[in-house]
Amino acid sequence: MSLRNLLAGAFVALTLLAAAPATAQHAKFLVSTDWLEQNLKNPKVRVVEVSVNPGLYERGHIPGAANVSWHTDLVDTVSRDIAPPAQFQGLLARAGIDADTTTILYGDNNNWFAAWGAWVFDIYGIQNVKLLDGGRKKWEAEGRPLANSATVHAPGNARVKDANPALRARLQDVLAVARKEKPGVLVDIRSADEYNGKIFAPNGVPELAVRAGHVPGAVNVTWSKLVAEDGTFKSAEELKAIYQAAGVDGSKPVITYCRIGERSSHSWFALSKLLGYETRNYDGSWTEYGNSVGSPISNPAGTVWGKT
């Protein structure tokens, strides 16, 4: 065998080795629609729907799936916080999630709120949690089975752990990076018009900030760049290239944010779970930051509240 062929073979082998961990990350935290349909009757698997649009679950859901409402089950509606431990413990019990359960989360809008669910599950130390790659969109497009009646599971025995603060960014954490007091990179995953301050928020949404723009120094990597047409995540190599083009390579801690924290949890999932980067989600996001007195902003479009 020639030296050229030997070198070519070695290069291919090294390329495969380098790609293997990233491929393994996808397999560790995502399941395909094929896999899920084959495991719907597996007693060690529980499926949980977390959708934003009301009534979707009732009109048809993956057989055996529990229904979780982001607006009431995964948040504290009084303190504007994630669900407290006792509330989340009750959710686990109702969904029939045991300590050895593999939990599959899915939802509408390319898994925005399912990813939020995965983030909360991770904060409370629940193991073996995965997303259905492609969510409702792919499942329905493929004509896979849907059920109309809810399944009542025996109470689950999984127990919440102390909340992990390393997964969550607060306002002061974001300000510290924006002011260059601490190392890090801020990733604004909203649309370009939101990031540039042309609009305050997407049309029709109720949660608003009185200032438009973005956190100074934040880069804009819109969440939609991370998914294919069918709603599945792009490959690890594609994700790395997308983020590297914006200067995000995992060498610094990452904080993701959007408007209320749900779209940014989708990007948190990609960065943290699929790429293995140290990443926190800032769930206060622009509705907190943009309304925070004294917090610096960048507003290239110059849009001002009350003059639009």
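Two strands are said to pair if DSSP finds at least two bridges between them, and this sense of pairing is used in the legends below, which describe close-up views of a predicted model.

**View 1. Five strands form an open sheet with parallel pairing.**
The order of the strands across this sheet is E1-E7-E6-E2-E3. Its edges are formed by E1 and by strand E3, residues 66-67, each of which pairs on one side only. Helix H5 packs on this sheet, where it touches E6 and E7, and the direction of H5 makes about 145° with that of E6.

**View 2. Strand E7 is joined by bridges to E1 and to E6.**
Strand E1, which covers residues 30-31, runs parallel to strand E7, residues 129-132, and two bridges join them. Within this pairing, Val-31 stands opposite Leu-132 of E7. Strand E6, made up of residues 102-106, also runs parallel to E7 and is joined to it by three bridges. Among the bridge partners along this pairing, Thr-103 is matched with Val-129 of E7, while Ile-104 is matched with Lys-130 of E7.

**View 3. A four-stranded open sheet has the order E9-E8-E10-E11.**
The pairing in this sheet is parallel, and its edge strands are E9, residues 219-220, and E11, residues 279-281, each pairing on one side only. Strand E8, which spans residues 185-188, runs parallel to E9, and the two are joined by two bridges. A reader following E8 residue by residue will find that Asp-188 stands opposite Asn-220 of E9.

**View 4. Helices H5 and H10 pack against each other at an angle of about 60°.**
Helix H5 consists of residues 112-123 and helix H10 of residues 262-274, and their axes lie 7 Å apart. Angles that fall outside the ranges for roughly parallel, roughly antiparallel and roughly perpendicular count as oblique, and H5 and H10 are therefore oblique to each other. The crossing of these two helices is left-handed. On the side of H5 the contact is made by Trp-112, Phe-113, Ala-115, Trp-116, Ala-118, Trp-119 and Asp-122, and on the side of H10 by Glu-262, Arg-263, Ser-265, His-266, Trp-268, Phe-269 and Lys-273. Sorted by class, the residues in this contact of H5 with H10 are eight nonpolar, two polar and four charged.

**View 5. A salt bridge links Asp-81 to Arg-168.**
Side chains of opposite charge can pair when their charged atoms come close. In the pair shown here, the closest N and O atoms of Asp-81 and Arg-168 are 2.6 Å apart. Asp-81 belongs to strand E5, residues 81-82, whereas Arg-168 lies in the loop between helix H6 (135-141) and helix H7 (171-178), so the pair ties together parts that are 87 residues apart in sequence. A search of the whole structure finds 16 salt bridges.

**View 6. Lys-161 is a residue of the loop between H6 and H7.**
When its neighbours within four places in sequence are left aside, Lys-161 is in contact with Tyr-124 and Gly-125. Although Lys-161 and Gly-125 are 36 residues apart along the chain, their C-alpha atoms are separated by 5.5 Å.

Methods:
Residues numbered from 1 in each chain as written. Predicted model: local features only at pLDDT ≥ 70, side-chain atom pairs only at ≥ 80, totals over all residues. Heavy atoms only, no water. Axes fitted to C-alpha atoms, helices over the stretch in contact; angles between N-to-C directions. Parallel < 35°, antiparallel > 145°, perpendicular 65-115°, else oblique. Left-handed = near helix turned anticlockwise from the far one by under 90°. Contact = heavy atoms within 4.5 Å. Nonpolar A, V, L, I, M, F, W, Y, C, P; charged D, E, K, R; others polar. Salt bridge = Lys/Arg side-chain N within 4 Å of Asp/Glu carboxyl O.
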